[in-house]
Amino acid sequence: MSYPARTLRRGHTRTSEDLRALLQAVFIGELLAPSQEIWLVSPWVSDIGVVDNTDGAFTGLEPNWGARHVRLSEILLRLAARGTRVFVEVRPDEHNGRFLQRLQQSETADRVQVRRSPVLHEKGLLGDAYLLNGSMNFTYNGVQLLDEWVRFDTDSRAIAEARLAFRARWGHL
């Protein structure tokens, strides 16, 4: 029996380990087998740590990381350097400024496309083989503190529908 989707629910009184582990697994998977396109859609984004390399377990993927939490911008820029087309959609809010600045001040900034939408409310992360969506913004509060739900889906139809919707919104059909 195949299970193409899993839903995680976390609350402010429950641990967020499952959610953090899922995000880390997704991004490690991306580094091992990069998607052709990755879409990060979130009204608010913080440059949160998404890979826990404090024990050096992932140093083989990037020797310069050192023993620390690797930030979202670093992962996206590393993917861009490996040829992934990175699309980021956020609200035009100053909260997103530091994260966007880090993306745009890199030598791979030309491979990262940013779109600001004042009406954005959708949240998700889309790669070639998965769709992660739900109520969570990619912020410390979203991952660590607030009551959230996310759905991790590997169904090819769900992935294709999301990709078509994102491309249509950006005019990339």
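1. Burial and overall make-up. In this predicted model, 46% of the 173 residues of the protein count as buried. The secondary structure comes to 5 helices and 9 strands. Starting at the N terminus, the elements follow the order β-α-β-β-β-α-β-α-β-β-β-α-β-α. Sequence-distant contacts are well represented: among contacts with a separation of 6 or more, 72% join residues 24 or more positions apart.

2. Helix H5, length. H5 covers residues 156-170. Its 15 residues should span 21 Å at 1.5 Å a residue, and the end C-alpha atoms are 21 Å apart, so the two values agree.

3. Helix H5, buried side. Ala158, Ile159, Ala162, Arg163, Phe166 and Trp170 are the buried residues of H5. They sit on the same side of the helix, because their arc around the axis is only 130 degrees. The general rule behind such a pattern is that an α-helix has 3.6 residues a turn, so residues three or four places apart point the same way. The cover over the buried residues of H5 includes strands E2 (37-41), E5 (85-90), E6 (112-116), E7 (124-126), E8 (131-134) and E9 (148-153).

4. Helix H5, outer face and ends. Ser156, Arg157 and Glu161 are exposed, on the face of H5 turned away from its buried side. At the N-terminal end, Asp155 acts as the cap. One of its side-chain oxygens lies 3.2 Å from the backbone nitrogen of Arg157. Just after H5 comes Gly171, with a positive phi of about 80 degrees.

5. Arg167. This residue is also in helix H5. Its relative accessible area is 25%, so Arg167 is classed as partly exposed. The side chain of Arg167 makes a polar contact with that of Glu37, at 2.8 Å. Arg167 and Phe87 are 80 residues apart in sequence, yet their C-alpha atoms are 9.8 Å apart.

6. Glu89. Here is an acidic residue in strand E5. Is Glu89 buried or exposed? Glu89 is buried, because its relative accessible area of 2% is under the 20% cut-off. Its side chain makes a polar contact with the side chain of Trp170, at 3.4 Å. Trp170 is itself one of the buried residues of H5. Beyond four places in sequence, Glu89 touches Leu40, Val41, Ser42, Arg115, Ser117, Leu120, Arg169 and Trp170.

7. Asp47. This residue lies in the loop between E2 and strand E3 (49-52). Relative accessibility is 8%, so Asp47 counts as buried despite its loop position. Which side chain does the side chain of Asp47 meet in a polar contact? The partner is Arg102, at 2.7 Å. A polar atom of the Asp47 side chain also lies 3.4 Å from the backbone nitrogen of Leu72. Leaving aside neighbours within four places in sequence, the contacts of Asp47 are Arg71, Leu72, Ser73, Phe99 and Arg102.

8. Helix H3. Phe99, one of the residues in contact with Asp47, belongs to H3 (residues 97-104). Phe99, Leu100 and Leu103 are buried in this helix. They line one face of H3, because they fall within an arc of 95 degrees when seen down the axis. The buried residues of H3 pack against E2, helix H2 (72-81), E5 and E6. E2, E5 and E6 are also among the strands that cover the buried residues of H5.

9. Ala129. This residue is in the loop between E7 and E8. Its relative accessibility is 52%, so Ala129 counts as exposed. Beyond neighbours within four places in sequence, Ala129 is in contact with Asp153, Thr154 and Ile159. Ile159 is among the buried residues of H5. The C-alpha atoms of Ala129 and Asp155 are separated by 8.0 Å, and the two residues are 26 apart along the chain. Asp155 is the residue that caps H5.

10. The largest pocket. Its volume is about 330 Å³. The lining comprises 16 residues, with Arg20, Gly49, Val50, His69 and Gln144 nearest the centre. Which elements each supply at least two residues of the lining? They are helix H1 (17-32), E3, strand E4 (69-71) and helix H4 (140-145). H1 gives the most, with 5 residues.

Key. Residues numbered from 1 in each chain as written. Predicted model: local features only at pLDDT ≥ 70, side-chain atom pairs only at ≥ 80, totals over all residues. Heavy atoms only, no water. Helix = DSSP H or I, 4+ residues; strand = E, 2+ residues; numbered from the N terminus. Expected span 1.5 Å × (residues − 1). Buried < 20%, exposed > 50% of the residue type's maximum accessible area, 1.4 Å probe, protein only. Arc of directions from axis to C-beta. Contact = heavy atoms within 4.5 Å. Polar contact = N/O pair within 3.5 Å; in protein donor to acceptor, adjacent residues only side chain to side chain. 1 Å grid on protein atoms, 1.4 Å probe; cavity = no way out; pocket = protein on both sides within 12 Å on 5 of 7 lines; lining within 4 Å. Points joined across faces, edges and corners; volume = space filled by probe spheres on them.
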